[in-house]
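Please look through the structure below, and then follow the explanation with the model in view.

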Amino acid sequence: MVDYLIFLAISTALFALFALGLNLQWGFTGLINFGHIAFMTLGAYTTVLLSLKGVPLLISAVAGAIVAALLGLIIGFATLRLREDYLGIVTIGTGELIRLVVNNQELPVGDTWTSGAFGVQSYPIPLSTEPNLFVKFVMIGLLTLLAAVTFFTLWRWIRTTQISRTTDLGKRTTSKQEFISRLGVGIVLAALATAIYISGVIGLYNYNPKAGLMLVLLLVLAFVYWRLEILVRSPWGRILKAIREDEEIPKALGKNVFWYKLQSLMLGGAIAGIAGAFFAWQLGAIYPDNFQPQITFDTWIMVILGGSGSNVGTILGAVIFFAYDALTREVLPRIVPLDEARLGAFRIMVIGLILMVLMIWRPQGILGKKEELTLGK
């Protein structure tokens with residue numbers, strides 16, 4: 001159970017990180033990107049190929065993020081002047097093009113050139129060797145600090161809805177519905193954080209390399225979330241929101257809309273590139289078929305489910321998606337008398353139904369803001 005919880009924590013955090021990049025592009029800037037998997041593909045392959053050449057893992061991962069950002073630069077110059085629907089078509093084509101190129105070209109795997117169709121294996125993975133007892137306690141301490149910061153952030157996030165707002169009539173009002181929503185989400189996330197913390201402590205003490213990878217990934221996810229929250233609340237982030245709503249307004253104010261879109265696409269691509277490195281480290285061996293377009297659309301589900309334009313909502317969407325995936329794998333076979341193939345299709349049908357209901361009941365997503373809704377444009 002501990003190993004399974006660690007696996008779920010890695011998968012959830014990995015795709016939450018990946019979805020944060022997409023949320024920056026779509027949720028805050030309004031860029032339709034159906035080829036987000038392209039950035040992950042380049043980030044993953046750049047990281048593992050460089051590490052097999054003897055480049056340190058940190059530098060390899062940073063290089064993967066830079067290459068992914070450069071792909072965003074190239075896509076941006078080629079497509080950002082197009083309308084939204086054409087941008088979506090070009091990006092999904094780019095994602096599939098990169099996968100097919102990797103599949104059909106020879107890659108410099110170590111000292112030899114190998115066909116990309118055979119994949120890349122036996123590359124270094126962070127913290128794969130068991131550390132000494134002191135380092136184990138340091139890692140457990142970092143995990144404890146991260147858990148404490150998570151609980152404090154959740155408490156402060158719920159607490160903000162209790163602060164009364166003054167209306168034009170001078171009355172003190174609170175949003176009861178928002179408070180209940182945040183309280184429910186906060187309790188669920190706190191329970192999951194507790195389960196992950198306990199599993200992580202056990203996995204780090206009785207050292208499991210996946211527990212070490214989980215710790216590094218959670219630290220990176222926390223750092224990226226923190227910096228994105230600062231960015232989207234800055235003047236730069238407010239310009240992105242203005243572009244999302246109506247790009248003619250920032251143009252009229254003298255802002256270079258194209259340059260801001262390009263920055264958003266590149267930064268979101270770099271985040272996806274980092275997620276690609278962790279994806280490769282989690283798998284232990286990567287093949288072109290690991291980077292199917294379906295991953296992009298799964299990530300869109302996470303962003304829309306949690307709430308476009310909300311970083312907390314994006315993480316919540318990833319949690320719900322993987323919780324649904326794990327629960328239905330265990331529970332549905334006992335309830336629905338279907339074979340494995342039909343059961344997989346049924347699970348996809350159910351999550352599609354959930355999304356349809358959500359779009360009717362709460363089109364902005366669970367934590368999205370209705371006044372910032374862009375899906376209807």
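In this predicted model, leucine 219 has a relative accessible area of 32%, and because partly exposed residues are those between 20% and 50%, leucine 219 counts as partly exposed. Leucine 219 belongs to helix H7, which covers residues 209-232, and it is also a member of a nonpolar surface patch that includes Phe134, Val135, Val138, Leu142, Leu145 and Val149. Together, the residues of this patch have about 590 Å² of accessible area. The greatest contribution to the patch comes from helix H5 (residues 133-159), which supplies six residues.

The loop between strand E3 (120-121) and H5 is where serine 122 is found, and leucine 127 lies in that loop between E3 and H5 as well. Most residues other than glycine have a negative phi. Serine 122, however, has a positive phi of about 55° although it is not a glycine, and leucine 127 likewise has a positive phi of about 55° without being a glycine. As for their surroundings, serine 122 is exposed, with 67% relative accessibility, while leucine 127 is partly exposed, at 36%.

Side chains of opposite charge can pair when their charged atoms come close. The model has ten salt bridges in its count, and one of them joins the side chains of glutamate 130 and lysine 136, with 2.8 Å from N to O. In this pair, glutamate 130 is exposed at 54% relative accessibility, whereas lysine 136 is buried at 9%.

Another salt bridge is formed by lysine 261 and glutamate 247, whose closest N and O atoms are 2.7 Å apart. This pair links distant parts of the chain, 14 residues apart, since lysine 261 is in helix H10 (residues 257-283) and glutamate 247 is in the loop between helix H8 (235-246) and helix H9 (248-252). Lysine 261 is buried, with a relative accessible area of 9%, and glutamate 247 is partly exposed at 22%.

Aspartate 325 and arginine 347 also meet in a salt bridge through their side chains, at 2.4 Å from N to O. Here again distant parts of the chain are linked, with aspartate 325 in helix H12 and arginine 347 in helix H13, 22 residues apart. Arginine 347 is buried, its relative accessible area being 13%.

How, then, are H12 and H13 packed, and at what angle? Helix H12 (residues 311-335) and helix H13 (residues 340-361) pack at an angle of about 135°, and their axes are 11 Å apart. The two helices are therefore oblique to each other, and the crossing of H12 and H13 is right-handed.

Note on methods
Residues numbered from 1 in each chain as written. Predicted model: local features only at pLDDT ≥ 70, side-chain atom pairs only at ≥ 80, totals over all residues. Heavy atoms only, no water. Patch = residues over 30% accessible without salt bridge, like charges linked within 9 Å, V, L, I, M, F, W, Y side chains within 5 Å. Areas by Shrake-Rupley, 256 points an atom, 1.4 Å probe, with all protein chains shown as cover. Salt bridge = Lys/Arg side-chain N within 4 Å of Asp/Glu carboxyl O. Helix = DSSP H or I, 4+ residues; strand = E, 2+ residues; numbered from the N terminus. Buried < 20%, exposed > 50% of the residue type's maximum accessible area, 1.4 Å probe, protein only. Axes fitted to C-alpha atoms, helices over the stretch in contact; angles between N-to-C directions. Parallel < 35°, antiparallel > 145°, perpendicular 65-115°, else oblique. Left-handed = near helix turned anticlockwise from the far one by under 90°.
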